[in-house]
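Subject: Structure for you to look at

Hello,

Here is the structure I said I would pass on. Please open it first, then read the notes below it.

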Amino acid sequence: MTIDPGWVGILAAFGMLLIPLGLMAHQRIPMIRQTLVAVLRMTVQLLLVGFYLQWVFKQNQWWITVPWLLVMVTVATVSTLRGSGLRSRLLITAAAPALLLGTAIPLLWFVGLVLRNPDLLEARYVIPVAGMILGNCLRANIVGVRDFYQHVRQQRKAYQLVLAQGASQSEAVCPYLRSSFMAAVSPTVATMMTIGVVSLPGMMTGVILGGADPVVAIRYQIGIMLAIFTGTAITVPMAISFSLKRCFNAYGLLRDDVFTQP
Amino acid sequence: MIRFENVGVSFAGKRLFHGFSLSVGTGERIALTGESGTGKSTVLGCLLGFVMPDDGTIEVEGTRLEPSTVWAIRRRIAYVPQEADLGGGTVDSFLQRPFQYAANRPLHDNLQRGPALFEALGLKPGLETAAVASLSGGEKQRIALAAALLLDRPILVTDELTSALDRQSAERVSELLLQQQGLTMLGVVHEGSRMPFATRVVEVRHDH
């Protein structure tokens, strides 16, 4: 049986804040204001999302679920572009479809084949699972896309030598794509290596606290980890491949205006 | 074979050179000289499609250099850059790399000429298995030249090819290049260095 913390419990949780805030004040760490703003934002955002999701789950209509998923992808796309240090107008047409496909494929696979839920768009499953896949794809995308373009820029002479040796554009970028892919998926691989030993993941904890059998929670977690890995492995090469045409000129050279910083 | 016609290049709004014209015939070996900063390496960059001229035209074997032709033109030119980046693997992996590209795959057997080229360039036998990181600057330059020659391209473009070489190694390089029948060469030569294999010396100036 699930214990609902209730609003009194949440007040108790806020009371816990007195410890870190007291430590910050004692050590004169100038982060108290920033922390309070962050706590306030987290509370308001989660309350709004909570009430909204309560309504969305109750309605369970595809025309509400799908636009919400698109909003999530749009926000993730904007975050990817901001975090990558690259020009948005050159990358938006690459990052958005890559995130959309990178999330949709493992999401539908998970709901349809792992959970075997006949309703592929049931809001209760689709929205939280999409959030987890998308969050990881977003992080991987920022790392992968940034790593790719930075390496091509830093190794401009080596890249040009490869072009001079007769490589096509796709052959020339292949080693950079490979190393960016590794940089992007390595954190997920590392997480899979230690999961359950070093830490219990948030989702699994949530399912257990929700009253489910730990074995059921583990099955969910295995499925989710594989969906996250698949999502990141799809999104990163796709985002880079989709962006090549806009970020390289017709001579196969990286455009100077790709980066926001010279 | 190679024709530059009134080529001009600017960087950040500042003219590097303009009105540069040069015709190179088949089998000619041109040494490009000039004060530092006049744009000698930039001339090579223009020929390879790495630098976009503001004006003028470049032709290679009668084909005008433009986006639709640059890929085919690059495959007619072997390039040895100044301080070539040979990557992080072994010498052998650097030599093999170009033959993995679809355009060079039919030439894969050329790798068998590697040991003879190494000998002609005075490179130690067995160096193929050495890590690139362990090589001296002179060894890297000669290996980059060997890799370029293995591609059997009709044009060789080099940037300060002998800058890191001692006199004896530089002479070996000259000797080897003189033996390449029909090879058209365009090489940047730094001030004070020699290019005895050159048939013509062309000076690059800011103002032509």
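**What was found**

Of the 262 residues of chain A, 36% count as buried. Please keep in mind that this is a predicted model.

**Chain A as a whole**

Chain A has 10 helices and 0 strands. Read from the N terminus, its elements run α-α-α-α-α-α-α-α-α-α. Along the principal axes, the C-alpha atoms of chain A fill a box of roughly 70 × 55 × 40 Å. If you count contacts in chain A between residues at least 6 apart in sequence, 75% of them join residues at least 24 apart.

The surface that chain A exposes is about 14900 Å², and carbon and sulfur atoms supply 69% of this area. Chain A carries 19 positive and 8 negative charges, and the mean positions of these two groups are 10 Å apart.

**Two places in chain A**

Helix H7 of chain A covers residues 156-164 and is mostly covered, with 7 of its 9 residues buried. Which residues of H7(A) are buried? They are A:Ala158, A:Tyr159, A:Gln160, A:Leu161, A:Val162, A:Leu163 and A:Ala164. Within chain A, the buried residues of H7(A) pack against helix H6 (123-154) and helix H8 (169-194). In chain B, they pack against helix H2 (70-74), S6 and helix H3 (91-96). Just after H7(A) comes A:Gly166, which takes a positive phi of about 105°.

The other place is A:Thr232, in helix H10 (residues 214-247) of chain A. Is A:Thr232 buried or exposed? The relative accessible area of A:Thr232 is 0%. Buried means under 20%, so A:Thr232 counts as buried. Leaving out residues up to four places away in sequence, A:Thr232 touches A:Asn136, A:Cys137, A:Arg139, A:Ala140, A:Val185, A:Thr188 and A:Pro237.

**The parallel sheet in chain B**

In chain B, 5 strands form an open sheet with parallel pairing, in the order S6-S7-S8-S3-S9. Why is one side of S6 and of S9 left without a neighbour in the sheet? Strand S6 (77-80) and strand S9 (200-203) of chain B stand at the edges and each has a single partner strand, so one side of each has no neighbour there. On average, neighbouring strands of this sheet are turned by 20° against each other, direction ignored.

S6 of chain B is also among the elements that the buried residues of H7(A) pack against, so you can use this edge strand to find your way from one chain to the other.

One pairing in the sheet can be followed residue by residue. Strand S7 (residues 155-159) and strand S8 (residues 184-188) of chain B pair in the parallel sense over 5 bridges. In this pair, B:Thr158 stands opposite B:Gly187 in S8(B).

**The antiparallel strands in chain B**

Strand S1 (residues 2-11) and strand S4 (residues 55-60) of chain B run antiparallel and are joined by 5 bridges. Here B:Ile2 stands opposite B:Val60 in S4(B). S4(B) is also joined by 2 bridges to strand S5 (residues 63-64) of chain B, again antiparallel. B:Val60 stands opposite B:Thr63 in S5(B). How many residues lie between the strands in the hairpin of S4(B) and S5(B)? There are 2, and B:Glu61 in this hairpin takes a positive phi near 50°.

Regards

How values were computed. Residues numbered from 1 in each chain as written. Chains lettered and ligands numbered in written order. Predicted model: local features only at pLDDT ≥ 70, side-chain atom pairs only at ≥ 80, totals over all residues. Heavy atoms only, no water. Helix = DSSP H or I, 4+ residues; strand = E, 2+ residues; numbered from the N terminus. Buried < 20%, exposed > 50% of the residue type's maximum accessible area, 1.4 Å probe, protein only. Contact = heavy atoms within 4.5 Å. Areas by Shrake-Rupley, 256 points an atom, 1.4 Å probe, with all protein chains shown as cover. Lys, Arg positive; Asp, Glu negative; His and termini not counted. Charge placed at Lys NZ, Arg CZ, Asp CG, Glu CD. Pairing = 2+ DSSP bridges. Axes fitted to C-alpha atoms, helices over the stretch in contact; angles between N-to-C directions.
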